[in-house]
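Reader: I'd like to go through this model with you and ask how the labels were earned. Could you set the values against the definitions as we go?

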Amino acid sequence: MPDAPGTELLAQELREAHPDAVLGTEFFREKGAIRVAPEAIGEVLEILRAKGFKHLMSVHGVDYYPEEPRLGVQYELLDRDALDRLTVKLRVPVDAPSVPSVTAQWPTADHQEREVFDMFGVVFDGHPDLRRILMPEDYEGHPQRRDFPLGGEPVLFTHDESQGKDYTMGTDRPNA
Amino acid sequence: MEIIKREKAGDAGDFRIRQLQARDMLRGDLEGDDLERYVQERVITTTLDRAANWARGNSLFPATFGLACCAIEMMSVVGARLDIARFGFEAFRASPRQADLLILSGRVSIKMAPIVRRIYDQMLDPKYAIAMGACSSSMGVFNNYAIVPADKFLPVDVHVPGCPPRPEALMHGILKLRSMVHSDPAMGWRERYGAERTVEVLPDEGDALLQQEAAAAANAVNVPGAGDTDGA
Amino acid sequence: MTEVTDYRATEDRVDVSQRVQTLPSPAPDQELLTLNMGPHHPATHGVLRLLVTLEAEIVRDLKPIIGYVHTGIEKTAEDKSYWKAIPVVERMDYLAYYFNAMAFCGATETLLDVEVPKRAQYLRVIHMELNRIMSHLVWLGTSMLDLGAVSVWWYCFRERETILDLFEQSSGQRMHTRYFQVGGVMEDVPVGWDVKLRQFLKKMPWAVDQYLDLLNRNEIALRRLRNTCPLDEQTLLDLGVTGPLLRAAGNPWDLRKAMPYSSYEDFDFKIPVGTRGDNYDRFAVRMQEMKESVKIIEQALDGLPEGPYITEDRKVALPPRHELATSMEALIHHFKLVTEGFRVPPGEVYYPIEGPRGEYGMFIRSDGSSKPARVHMRDPSFVNLQATLPMVKDAYIADLITTLAMMDPVLGGVDR
Amino acid sequence: MLRTYLPAIVFLGLGGLVGALFVTAGSFLGPKPKTPTTYQADPYESGMPSEVHQGFRFGISFYLIAMLFILFDIEVVFLYPIAVQLRSFGTFALVETVVFIGLLVVAFVYVWRRGALEWR
């Protein structure tokens, strides 16, 4: 695992290549992570690929609800020769959730970026086929955001029935 | 998919009367034409129906409808240890045209529900549906935005509890269905649910049909019991 | 593929470059037919829909469309406390439930910085390897069904029933056993368990040889498996494919050896690697993996250390029942754990393990409360499905069915 | 005259009867849905609404394979009656059959060499 100084060195080299790309580094449970600016993600991944992190294992979204900027996207990088893992994180606000897509350089990110778009609404510019992948095509809303209700139906206990509550349509409205 | 009932087949009162009749018949103090009518109504009249039921009950062809984890347990029902071939159900058919039992094994998501409904429609009558597992009977472990219980879009005959149910539980459910088929003369699911004279319409067609009925009912002389919409 | 003979040479090759048209019928001169190998299809091993553009038996273009069994498991897990989320997370990839639970518990233990006792690690390895054998058996049975070798299915499910009996004896349930607990395992294995396990381990290699006798000289199966739909290692690496598919192409990447976790470094086992990366190699790699798993279980069972089967840290693990009657702290810990559950320090962790289909990576973000703030599983089948088109382009439909079987996608994990 | 053909006629009659029985038994034994369900008549395409239009032209390979199959299948059909009565026909029939098969083998080799048997 890139130890604390290792992550700092990596961040230092990235800063030389791109002065404003790196926003900070984290080191948690012996695992390094680099926070970058959203628009510089393409170049940062290319530089890291040159440094040995040749494999992008996972792209996933996170919703940091109370904090701003709210939507986060994380890229898990793997170096198979030095047996090293590194995470590259970026944060975008909800109203301007556009991130350059990395599918051109990393084909594995195709479906995973579509899933982040489907679940969080992060728009990946330059993605060949940005459509919903898990939800139905015409579904409104992004289910995995923190403010999206979990949905489902309250359990129909006999007490509720006796109150004349009608849950068939999933909402508590008196018997139509 | 909405089912619009024109008039209730028999409400609670009617059922209560039949229960009393059955008790009198058993006690033996039902005679004359009452006994005649009772026997005619309750006992299956034609033997052809009986033979067809017997054959149908013993050779239900399940449609391979594996959705999720319950599909693996459904597969092990056909395995060597708990062999469903002993009861004649092992011919799993892939196409709905040749299957008359839909074992809904797994969780039905909102994207999959119309497809399950379409496959159920394309099965030929008489057809039966088993909701296997907690996810398809109720919403089971995942009571959230993505799952639809089978009862919301499909008339289900047998619910098999469990997550996933043991193969023996599914076998018990299928045998319960078999005894239902043998004893119950009514074939299609409309008879079973007292939903005769109902018609299935797509959601948008339903409203037009309702207005037509309201107009027809308005000028008809005796208004039958108010048809109520019950979600199917 | 079949090279074009002179009879066809004069015919101009159809070059499909434009996007797959879904609705309008293809231009009259091109005989392209776009079909749905849809959600309800016996060969798709679950509810995977393939929008296939065919040119009379040859697959020109293919688009996997998924989401038909999307259960919102990650959203449901965010609504439950950590130890209640295990049953929900286990149902993601329903053929590798021990691996889902191991990924989740591993990530939580990393967040909590809890040390899992040696005995619990060995028990976890035994159960995971049994689950890997069971998952490969279900794969072998169902994919041979697609090739027409129907009887192999009954042989495989005979062994699967034995494994499920072992799971039932150790944890009480056949599938989705919730045997792994954060900090160790739920219960110690019962007394007669290792005797039954040794009987199974003696029988399993003989059973794998039996399957190989059924298939290795079966001319039809071999012709359908040998050099059909190969894919080179570099494309697989670019597409992020991991697991038996990658090892079949010659790259011996296996997280159990490369980055060992849960004391995998104590066992010596080999990693089966293919040479050509075609369907036969994918088949052979998984068959050998079953034998290697048997070796791992034997070593783990022989070296099973004594000691606690779950961590002694009362903040995470429930105290034993008899202690509740005597000590007050045990009662308080028990009450705290059962009502609100343990609180996890804020942080984010990505915990990858090697499952039967590839790398299962569980990402958990905790915000300090007792409920995870974000749970995400990097499912190998979800990523491997992207390699379908490069494998299957310009192949026959029969080879598409074989390749789909050899990819072994489990749609529960793909759609989560 | 009729006696010699009686078995064949009885065989044809029985075959037709059983076939007709299978076709019509379903209609009067099984129940008829009073109101057919909405999607009953749609073509089954693994659960999806099908967009394949009727007027679809098949590839040439299908037609070619079908023709070759019929050609060599009829050849086998001719061999059956000869094989049954070969002994009573004597060596003349044997020679005739060999010539017949020889001709078709020539055709087979030609088709094979031209590569029409491979798909596409």
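Reader: How many bridges join β1(A) to strand β2 of chain A, and do they run parallel or antiparallel?

Author: Happy to start there, with the reminder that this is a predicted model. Five bridges join β1(A) to β2 (residues 32–36) of chain A, and the two strands run antiparallel. Two strands pair if there are at least two bridges between them, so β1(A) and β2(A) count as paired. One position to look at is A:F27, which stands opposite A:G32 in β2(A).

Reader: What makes β1 and β3 of chain A edge strands?

Author: Each of them pairs on one side only. The open sheet has five strands in the order β1-β2-β5-β4-β3 (chain A), with mixed pairing. β1 covers 22–27 and β3 covers 55–63 of chain A. From one strand to the next, the twist averages 20°.

Reader: Which helices lie across strands of chain A, and at what angles?

Author: Helix α1 (residues 4–17) of chain A lies across β1 and β2, running at about 170° to β1(A). Helix α3 (residues 109–120) of chain A lies across β3 and β4 (71–79), and its angle to β3(A) is about 0°. Angles run from 0 to 180 degrees between N-to-C directions, so about 0° means that α3(A) and β3(A) point the same way.

Reader: Let's move to chain B. Why is B:H172 called partly exposed?

Author: B:H172 has 14 C-beta neighbours inside 10 Å. Buried takes 20 or more and exposed takes 12 or fewer, so a count of 14 falls in between. This residue lies in helix α7 (residues 167–183) of chain B. Its C-alpha atom is 13 Å from that of B:A131, 41 residues apart along the chain.

Reader: And chain C: how do you know that its radius of gyration agrees with a compact globule?

Author: For 416 residues, a compact globule would have a radius of gyration near 22 Å, and chain C has 23 Å, so the two agree. The C-alpha trace of chain C spans about 90 × 45 × 35 Å along its principal axes. Buried residues make up 53% of the chain.

Reader: What is the confidence for chain C, and where is the pLDDT below 50?

Author: Chain C averages a pLDDT of 89, with 93% of the residues scoring at least 70. Over residues 1–28 of chain C, however, the pLDDT is below 50. Where pLDDT is low, the predicted coordinates should not be read in detail.

Reader: What makes β6-β7-β8 of chain C an antiparallel sheet?

Author: Three strands form this open sheet, and their pairing is antiparallel. Six bridges join β7 (residues 358–366) of chain C to β8(C). Pairing needs at least two bridges, so β7(C) and β8(C) qualify. Within β8(C), C:R378 is the bridge partner of C:G361. Helix α4 (residues 97–112) of chain C packs on the sheet, touching β6, β7 and β8, and makes about 145° with β6(C).

Reader: Last one: how many residues do chains C and B bring to their contact, and which element of chain C gives the largest share?

Author: Chain C brings 28 residues and chain B brings 29. On the side of chain C, the largest share, four residues, comes from α6(C). By class, that side has 14 nonpolar, nine polar and five charged residues.

Conventions: Residues numbered from 1 in each chain as written. Chains lettered and ligands numbered in written order. Predicted model: local features only at pLDDT ≥ 70, side-chain atom pairs only at ≥ 80, totals over all residues. pLDDT = per-residue confidence, 0-100. Contact = placed C-beta atoms within 7 Å. Rg over C-alpha atoms; globule rule 2.2 N^0.38 Å. Nonpolar A, V, L, I, M, F, W, Y, C, P; charged D, E, K, R; others polar.
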